[in-house]
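Hi there,

Here is the structure I promised to pass on to you. Have a look at it first, and my notes on it follow underneath.

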Amino acid sequence: MKQLQRRQNLVVTGLLLSILMASMDNTIVATAMGTIVGDLGGLDKFIWVTSAYMVAEMAGMPIFGKLSDMFGRKRFFMMGLIFFMFGSILCGTAQTIEQLSVYRAIQGIGGGALIPITFTIIIDLFPPGKRGKMSGLFGAVFGLSSIFGPLLGAYITDYISWHWIFYINLPIGVLSLMLIALFYKESHERKKQKIDWMGSITLVGAIVCLLFALELGGNEYTWDSTVILSLFAGFFILFSIFFITEKSAEDPVISFSMFKDRLFASSTIVGLFYGVSFIVGIVYIPIFIQGVTGGSATNSGLILLPMMLGVVVSSQIGATAAPKLGFRNVMLIFAVILLIGMYLLSTVSAETSRFAVTLYMIIIGLGTGASFSVINMAAIHSFGPESRGSATSTVSFLRQLGMSLGITIYGIIQRSNFSDQIQEISSGNNHMITGGAQNDTRSILSEQARKTMPEPLLDKIIDALAESISYTFTWALIPSVLALFFVFFLTNDRISSNDTQQES
């Protein structure tokens, strides 16, 4: 018994390391992006560094989830880890921004396997009574990675070299790989299934078209340009083919029959809207603090610290409470907290104190954290081992989709409102604000830009920025309300230590 416990602990350590590595990577890269662009050039192409990773990760999630159900978790987890480390090595050797973008796509393929399969392995390893505690632990690691990623990225970039933000993944990845390879023993009983090639190809194609349309629209190309309209058309065509294919496929990559289960269907929808709400807070709280309250951009890793601590605490509480109180009861509490937090953020202005914003951040973090553990637990609750990989990867995919949509939609809302106000300010001042800076919140309120502006004009711009962000948070109440609404559709299943289920 002790030997089994020791083996499980080592496997969990390996899984935690992989999650820490994968979830920290994006925040580390974002922190170092200015230095990378300064070294490699390609300012007009740096968006592809993030986009390539995100597209590859999202496309891989449902496919790897299905493959892990068919052929086993271990081999595809290790494959994802190897892809991620190989991509990290290549990223560190990149000589151009184009090379770095391609290498980040390779990393993204690995990330698409790691995150959903990790959670599925936890479900396989532990009986229902212990899953809550373990799910909370993994949610806490995800939250902590969002704090330490920017700090580590800034330190490595300033004192070593940006290349090492990728090389640092290697010792972590190798240790994780060794622990899983040596100590994870899985059942070899797998249902024989066919690979759904048509579904996989059309799904990947649809995701690529959608995300590139969202990334490029309004930035590289206008929304009504031929390129963007073609990408959206490609998405609708490919997704339509995917939908038709999956309904008739013998073993679909995403089984629409799973959505007949009420708990699974409502969990994935709640996860989608939580993804939108979460990303709006992550993106615009730092902009508000840096641009309005005068926080320094150099401590960006610390700006969201209160929010992420709330995420960590909430993830643990939610995971512990759900098996006792039921999925719906627990998520109702935290969805209400999220809605309150988002409402408070919608009231911010240039006069709002840093203390008040910090308090609002904590509330948002508390409202969000439980979703990382409870929603994943709820999504797989009705399924056996042969479908858990698909269930976990689908809910992860939809949450990531929500984040991608949130970045684009709310970016348009904020930029449009801010631009309109800047144009009004410019029309009434001799000091004109022209060019791309009208839409670039960070550049217009950089330290250099501030020094060139008369104080009355700067005050007006700060007021405009605060109002545009408040306006954005007001619109973000919509996904928060929808998340709460769909929580009511969750069943109130409980998980007991003796593997029984209760419905109330």
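Arginine 388 and aspartate 124 meet through their side chains in a salt bridge, with 2.8 Å from N to O. Arginine 388 belongs to helix 15 (residues 385-427) and aspartate 124 to helix 4, so this pair ties together parts that lie 264 residues apart in sequence. Do keep in mind that this is a predicted model.

Aspartate 124 has a second partner: its side chain also meets that of arginine 73 in a salt bridge, at 2.7 Å from N to O. Here the link runs from helix 3 (residues 73-92), where arginine 73 lies, to helix 4 (residues 97-125), so parts 51 residues apart in sequence are tied together. Arginine 73 in turn forms a salt bridge with aspartate 69, and the closest N and O atoms of that pair are 2.6 Å apart.

Through these shared partners, Asp69, Arg73, Asp124 and Arg388 are joined into one network. In the whole structure, the search finds three salt bridges.

How buried or exposed are the members of this network? Arginine 73 has a relative accessible area of 0%, so it counts as buried, and aspartate 69 is buried as well. Arginine 388 is also buried, with a relative accessible area of 11%. Aspartate 124 counts as partly exposed because its relative accessibility is 27%, which is above the 20% under which a residue is called buried.

Next, a word on helix 9, which covers residues 226-248. With 23 residues at 1.5 Å a residue, helix 9 should span 33 Å, and its end C-alpha atoms are indeed 33 Å apart, so the two values agree. The buried residues of helix 9 are Ile228, Leu231, Gly234, Phe235, Phe242, Thr245 and Glu246. These buried residues pack against helix 8.

Helix 8 also brings us to the surface. Isoleucine 201 sits in this helix, which covers residues 197-216. With a relative accessible area of 56%, isoleucine 201 is exposed, because the cut-off for exposed is over 50%. Which residues join Ile201 in a nonpolar surface patch? Its companions there are Phe71, Ile195 and Trp197, and the patch has an area of about 430 Å².

If you open the model with the salt-bridge network in view, I would start at Asp124, which pairs with Arg73 and with Arg388.

Happy to talk it through whenever suits you.

Best wishes

Conventions
Residues are numbered from 1 along each chain as its sequence is written. This is a predicted model: local features need pLDDT of at least 70, side-chain atom pairs count only at pLDDT 80 or more; totals for chains, interfaces and linings use all residues. Side-chain values use heavy atoms; hydrogens and water are left out. Patches are made of residues with over 30% relative accessible area and no salt bridge: like charges are joined within 9 Å, nonpolar side chains (Val, Leu, Ile, Met, Phe, Trp, Tyr) within 5 Å. Accessible areas come from the Shrake-Rupley method with a 1.4 Å probe; for residues, only the protein chains shown count as cover. A salt bridge is a side-chain nitrogen of Lys or Arg within 4 Å of a carboxyl oxygen of Asp or Glu. Helices (H or I, at least four residues) and strands (E, at least two) are DSSP runs, numbered from the N terminus. Buried means under 20% relative accessible area, exposed over 50%, partly exposed in between (1.4 Å probe, protein chains only). The expected span of a helix is 1.5 Å times one less than its number of residues. Contact means heavy atoms within 4.5 Å.
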